Amino acid sequence: MTEQPTSTAVTGDTGAHGLDAHTGQSYGHEAHHGRPASWVAVSIIIVGFCVSGIALPIGPTWWLFWAGGAIIVIGGIMAMATHILDDWY
């Protein structure tokens with residue numbers, strides 16, 4: 001029988017220089033990107049979706065559904081006017 005090569009893996013305690021040293025995230029927490037105007041535009045769009053979504057199961061109440069759609073369009077226009085797509089860093 002031929003000799004088998006021995007393992008080169010280190011066994012035992014790896015200490016402060018091994019896996020035990022990595023206890024947290026390897027990167028810092030980044031702040032949320034975007035300007036306040038962009039956040040307001042997105043909030044308006046979300047409110048429009050909520051209004052339209054509530055209008056369907058309570059009726060359907062079509063005037064409320066279309067009012068929610070108008071709120072979504074207004075939020076979209078505001079988002080494009082504030083150059084929301086330039087917020088990506």
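## Starting with a tryptophan

Is Trp 62 buried, partly exposed or exposed? With a relative accessible area of 48%, Trp 62 is partly exposed, because that value falls between the 20% limit for buried and the 50% limit for exposed. Keep in mind that what you're looking at is a predicted model.

Trp 62 sits in helix α2, which runs over residues 62–81. Together with Leu 56 and Trp 66, Trp 62 makes a nonpolar surface patch of about 380 Å².

## The overall picture

Let's step back to the whole chain. The protein chain has 2 helices and 0 strands. There are 89 residues, and 13% of them count as buried. The accessible surface comes to about 7500 Å², and carbon and sulfur atoms account for 69% of that surface.

How do the contacts spread along the sequence? Take the contacts in the chain with a separation of 6 or more: 54% of them come from residues 24 or more positions apart.

## Helix α1

Helix α1 covers residues 36–55. From its first C-alpha to its last, α1 reaches 29 Å with its 20 residues, close to the 28 Å expected at 1.5 Å a residue. The buried residues of α1 are Ser 38, Ala 41, Gly 48, Ser 52 and Ala 55. They cover an arc of only 115° around the axis, so they lie on the same side of α1. Here's a handy bit of background: an α-helix has 3.6 residues a turn, so residues three or four places apart point the same way. On the other side of α1, Pro 36 and Ile 54 are exposed. As for what covers the buried residues of α1, that includes α2.

One of those buried residues deserves a closer look. Ser 38, which lies in helix α1, counts as buried because its relative accessibility is 4%, and the limit for buried is under 20%. Setting aside neighbours within four places in sequence, Ser 38 is in contact with Thr 82, Ile 84 and Asp 87.

## The loop between the helices

Between α1 and α2 there's a loop, and Pro 60 is found in it. What is the peptide bond from Gly 59 to Pro 60, cis or trans? The bond is cis, with omega near 5°.

## Helix α2

Now for the second helix. The 20 residues of α2 should span 28 Å at 1.5 Å a residue, and the end C-alpha atoms of α2 are indeed 28 Å apart. The buried residues here are Gly 68, Gly 75 and Ala 79. They cover an arc of only 40° around the axis, which puts them on the same side of α2. The cover over the buried residues of α2 includes α1, just as the cover over those of α1 includes α2.

Turn to the face of α2 that points away from its buried side and you'll find the exposed residues Trp 63, Trp 66, Ile 74, Ile 77, Met 80 and Ala 81. Trp 66 is also one of the residues in the nonpolar patch with Leu 56 and Trp 62.

Ala 70 is in helix α2 too. Ala 70 is partly exposed, with a relative accessible area of 36%. The C-alpha atoms of Ala 70 and Phe 49 are separated by 10.0 Å, and the two residues are 21 residues apart along the chain.

## After α2

Move on to the segment after α2, and you meet His 83. What sort of phi does His 83 have, positive or negative? The phi of His 83 is positive, about 55°, although His 83 is not a glycine.

## One salt bridge

Side chains of opposite charge can pair when their charged atoms come close. In this model the count comes to 1 salt bridge. The side chains of Asp 87 and Arg 35 meet in it, at 2.8 Å from N to O. This pair links distant parts of the chain: Asp 87 is in the segment after α2 and Arg 35 in the segment before α1, 52 residues apart.

Are the two partners buried or partly exposed? Asp 87 counts as buried, at 8% relative accessibility, whereas Arg 35 counts as partly exposed, at 34%. Asp 87 also turned up earlier, among the residues in contact with Ser 38.

Notes:
Residues numbered from 1 in each chain as written. Predicted model: local features only at pLDDT ≥ 70, side-chain atom pairs only at ≥ 80, totals over all residues. Heavy atoms only, no water. Helix = DSSP H or I, 4+ residues; strand = E, 2+ residues; numbered from the N terminus. Buried < 20%, exposed > 50% of the residue type's maximum accessible area, 1.4 Å probe, protein only. Contact = heavy atoms within 4.5 Å. Areas by Shrake-Rupley, 256 points an atom, 1.4 Å probe, with all protein chains shown as cover. Patch = residues over 30% accessible without salt bridge, like charges linked within 9 Å, V, L, I, M, F, W, Y side chains within 5 Å. Salt bridge = Lys/Arg side-chain N within 4 Å of Asp/Glu carboxyl O. Expected span 1.5 Å × (residues − 1). Arc of directions from axis to C-beta.
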